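Thanks for passing this one along. Here are some notes to read with the model open beside you.

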Amino acid sequence: MGYPAYLVFLTLLFSQFISASPVVIAHRGASGYLPEHTNEALVMAYMQNADYIEQDLVLSKDGHLVVLHDIHIDTTTNVAQAFPDRKRDDGRYYAIDFNLVELKTLQVNERTDRHQNPIYPTRFQGDTDFQIATLDEHLNLIQQLNRQTGENTGWYIEIKAPQWHLQQGQDIAKVLVETLAQYQLNHPQANLFVQCFDLKHSKRLRQQLGLKAPLIQLIAENDWQESDTDYNYLKTTQGLAEIATFAEGIGPWIPQVLSLKNGQYLSTGYAEQAQNAGLLVHPYTFRRDALPEGITSEMLLKALTHQLKVDGIFTDFTDVVVRFNQAQEQR
Ligand code: CA
């Protein structure tokens, strides 16, 4: 005989209430195992029980939202072999120079540098014919899986380089809001987050384009040249207060919230400052295979979860963070 149902229910309710584990955001899908952002990487992250699965977006020449991290496609696909004469003067191949039908003919590989050396040599190195996915496919896949499993996995959608897209004559922020509306996902209770590094475009999404879904302001460093946003300002109390006027949270880089001294993690104070401003804190990115020397997965996850009490964690390894959360909840 098992426990009476009401006891099981109460135990579940109570454990959820007291534990409040950070939500697990599958960074580019199960990118620790399969080429990032492919439908296959999405399905694997779904099966690993991610709470949210990330889509980075750029536009194709014919205006389709495609799930790609970079405006360039030469380090994640075979475009240089398939379309050798379609590079720009800088030697790079750009997604926006290809229509969707052309992009769909490309084979996606595990990310490399510009000399074809893998960024993460221990990850997938096969030559399976993965394709570039569209946002429509990711929206459909998760909706259908949720309908069948009864789970409520969400999306975590980033528009890449919105200012650059405007310079190329396309408005990616506007296309995203229209697409979310088509899927009935542009409302405050939608199980998704929209994220953006560019402060001007984050505000534009909320204040001009009618984005109603939750919004996360990503925090970079000024020398990454991610956008013309002044990230030093966004690290101040005033900057955080400004973010809180239009967004639900921030996505800082882990070293912005934790500093490492003598093999110990210490809070920088930034996560607490943001939480005091009423903002969610979702740091990026936990990678089991790219930890600082002498640091274990558990040390980093404990620092994020127990010291900082972050609200979410971006990870290439959803399985590792989910297992960690389950172990903490069972203590
Ligand atoms: Ca991203």
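1. Is Gln 184 buried or exposed? Gln 184 is exposed, and its relative accessible area comes to 61%. You will find Gln 184 in the loop that runs between α7 and β5 (192-196). Its phi is positive, near 55°, although the residue is not a glycine. That is worth a look, because most residues other than glycine have a negative phi.

2. A word on confidence, since this is a predicted model. The average pLDDT of the protein chain is 95, and 94% of the residues score at least 70. Please read helix α1 (residues 5-19) with some care: its mean pLDDT of 51 is the lowest among the elements of the chain. At the other end stands strand β3 (residues 65-67), with the highest mean, 99.

3. Back to α7, the helix that Gln 184 follows. In helix α7 (residues 172-182), the buried residues are Ile 172, Ala 173, Leu 176, Val 177, Thr 179 and Leu 180. Why do they fall on the same side of α7? They do so because the arc they cover around the axis is only 160°.

4. Ile 172, one of those buried residues of α7, also makes a nice link to another part of the chain. Its C-alpha is separated by 8.4 Å from that of Gly 63, although the two are 109 residues apart along the chain. Gly 63 belongs to the loop between β2 (52-59) and β3. Gly 63 is partly exposed, as its relative accessible area is 26%.

5. Now the calcium ion. Its protein donors are Glu 54 (OE), Asp 56 (OD), Asp 56 (OD) and Glu 158 (OE), at 2.2 to 3.2 Å from the ion. Asp 56 thus appears twice in the list of donors. Along the chain the donors follow the spacing E-x1-D-x101-E. Glu 54 and Asp 56 are both buried.

6. Arg 28 is another residue with a positive phi, about 55°, and it is not a glycine. Look for Arg 28 in the loop between β1 (23-26) and α2 (39-47). Is Arg 28 buried or exposed? Arg 28 is buried, because its relative accessible area of 11% is under the 20% cut-off.

7. One peptide bond deserves a closer check. The bond from Tyr 284 to Thr 285 is cis, and its omega is near -10°. Thr 285 sits in the loop between β10 (280-281) and α13 (297-307). For context, most peptide bonds are trans.

8. Ala 95 is a loop residue too, placed between α3 (79-82) and α4 (100-103). Even so, Ala 95 is buried, with a relative accessible area of 0%. Thr 229 is 134 residues from Ala 95 in sequence, and their C-alpha atoms are 24 Å apart in space.

9. Last, the space inside. How many cavities of 30 Å³ or more does the structure hold? There is 1, and the largest cavity has about 90 Å³ of space. It is lined by 15 residues, of which Glu 36, Val 67, Leu 68, Thr 76 and Val 108 are the closest to its centre. By type, the lining divides into 6 nonpolar, 6 polar and 3 charged residues.

Technical notes:
Residues numbered from 1 in each chain as written. Predicted model: local features only at pLDDT ≥ 70, side-chain atom pairs only at ≥ 80, totals over all residues. Heavy atoms only, no water. 1 Å grid on protein atoms, 1.4 Å probe; cavity = no way out; pocket = protein on both sides within 12 Å on 5 of 7 lines; lining within 4 Å. Points joined across faces, edges and corners; volume = space filled by probe spheres on them. Nonpolar A, V, L, I, M, F, W, Y, C, P; charged D, E, K, R; others polar. pLDDT = per-residue confidence, 0-100. Helix = DSSP H or I, 4+ residues; strand = E, 2+ residues; numbered from the N terminus. Buried < 20%, exposed > 50% of the residue type's maximum accessible area, 1.4 Å probe, protein only. Arc of directions from axis to C-beta. Donors = N, O, S within 2.8 Å, 3.2 Å for Na, K, Ca; no water.
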